[in-house]
Amino acid sequence: MKSMKTLALVIGLLGLSGVSQAQFSSTLTAVSDYDFRGFSQSAKDPALQASADYAFGETGFAIGAWASNVDFDADGDIELDIYANYTGEINDTFSWTAGINYYTYPGSDDLGDYPEFFVGLNAGDFSFKQWYADNLYDLDVEGMYTEGNYSYSINDAVPLGFHLGYAWGDAWDAEELIDYSVQLNWAVNNFTIFGKFTGTDADETKVTDDVNNNEPRFLVGVTTTLPWGE
């Protein structure tokens, strides 16, 4: 109960920041399972999530924060990510981006905080990112993650997203993993309803328990962006 109250407070603060100034934007999301690179971060239980982002005009620089409840069968029940990124335009079709995500678990002694860096290229409906962490999951091992994404619009209200990721490096010596997802969004007024199919190709490291489950599975959710009308 205490963790949910703390999460509600964090989400409330993130949401309020989005309404305070036009430079801010916020999202609120309810999802049946918090998925991250093919792994369940909420033990296949529902998650409540929120973000707040601030863009520094047309400079290409932005900062933000994102929060969700988690369940790793440990003493940490909340994830709070702080991030910063820069996007530079190459031409009308191509742009590049670079940034850092800092993953934190407030109030947890079992879950360690760690940073992850990325560089990426955007080309029309395609995007590619290379991630690097020198202390992945606070385990003192290097981890690499390469991802590609493609967005296809069935119509203005129904985009379809495809994702393919590859986890490799010292942290994945037991078995390098490929994760995948297909997500269908449906925009209805100020809300977006989505369905997502995700999973990994894990064999030796396949997790069938709910905690950190990485089997193929389907999840649904709804998200909204604040402030409305901006």
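**Group meeting: a strand-rich chain, starting from Thr27**

I will start with one residue. Leaving aside residues up to four places away in sequence, threonine 27 touches Gln49, Ala50, Ser51, Thr223, Thr224 and Thr225. Before I go on, note that this is a predicted model. Threonine 27 sits in strand β1, which covers residues 24-31. One of the residues it touches, Gln49, is 22 residues away from threonine 27 in sequence, and their C-alpha atoms are 8.1 Å apart. Another is Ser51, and here there is a polar contact, side chain to side chain, at 2.5 Å.

Is threonine 27 buried, exposed or partly exposed? Its relative accessibility is 24%, so it counts as partly exposed. The cut-off for buried is under 20%.

Now to threonine 29, which is also in β1. Threonine 29 has 12% relative accessibility and therefore counts as buried. Its side chain makes a polar contact of 2.7 Å with the side chain of threonine 223. Beyond four places in sequence, threonine 29 touches Ala47, Leu48, Gln49, Phe194, Val222 and Thr223. Gln49 and Thr223 are thus in the list for threonine 27 and in the list for threonine 29.

Let me step back to the whole chain. The chain has 14 strands and one helix. It is 230 residues long, and 40% of them count as buried. Taking contacts with a separation of 6 or more, 43% are between residues 24 or more positions apart. The exposed area is about 12400 Å², with 58% of it supplied by carbon and sulfur atoms.

Next, strands β4 to β6. β4 runs from residue 47 to 55 and pairs with β5 in the antiparallel sense through seven bridges. Serine 51, the polar partner of threonine 27, stands opposite tryptophan 66 in β5. The hairpin of β4 and β5 has five residues between the strands, and in it glycine 57 takes a positive phi near 55 degrees.

β5 then pairs with β6, residues 78-89, over nine bridges, again antiparallel. Isoleucine 63 has alanine 84 as its bridge partner in β6. How many of the nine residues of β5 are buried? Seven are, and the strand is mostly covered.

That brings me to the surface. There is a nonpolar patch made of Phe56, Phe61, Ile63, Tyr86, Ile90, Phe94, Trp96, Leu121, Phe126 and Phe128. Together these residues have about 880 Å² of accessible area. Which strands supply at least two residues each? They are β5 (61-69), β7 (94-104) and β9 (126-133). Isoleucine 63, the residue bridged to alanine 84, is one of the patch residues. Phenylalanine 94 is another, and it lies in β7. Phenylalanine 94 is partly exposed, because its relative accessible area is 35%.

Further along the chain there is a run of three strands. β10, residues 143-155, and β11, residues 158-168, are antiparallel and joined by 11 bridges. They form a hairpin with two residues between them. Within this pair, glycine 148 has leucine 164 of β11 as its bridge partner. On to the next pairing: β11 and β12, residues 177-188, run antiparallel with eight bridges. Here glycine 161 is bridged to glutamine 183 in β12.

Last, two backbone points to look at in the model. Most residues other than glycine have a negative phi. Lysine 44 is not a glycine, yet its phi is positive, about 65 degrees. Where is lysine 44? It is in the loop between β3 (39-40) and β4. Lysine 44 counts as partly exposed because its relative accessibility is 36%.

Tyrosine 137 is the other one I picked; it is not a glycine, and it has a positive phi of about 55 degrees. Tyrosine 137 is found in the loop between β9 and β10. With 34% relative accessibility, it also counts as partly exposed.

To close, back to β1. Threonine 27 is partly exposed and has a polar contact with serine 51. Threonine 29 is buried and has a polar contact with threonine 223.

Terms used:
Residues numbered from 1 in each chain as written. Predicted model: local features only at pLDDT ≥ 70, side-chain atom pairs only at ≥ 80, totals over all residues. Heavy atoms only, no water. Helix = DSSP H or I, 4+ residues; strand = E, 2+ residues; numbered from the N terminus. Buried < 20%, exposed > 50% of the residue type's maximum accessible area, 1.4 Å probe, protein only. Contact = heavy atoms within 4.5 Å. Polar contact = N/O pair within 3.5 Å; in protein donor to acceptor, adjacent residues only side chain to side chain. Patch = residues over 30% accessible without salt bridge, like charges linked within 9 Å, V, L, I, M, F, W, Y side chains within 5 Å. Areas by Shrake-Rupley, 256 points an atom, 1.4 Å probe, with all protein chains shown as cover. Salt bridge = Lys/Arg side-chain N within 4 Å of Asp/Glu carboxyl O. Pairing = 2+ DSSP bridges.
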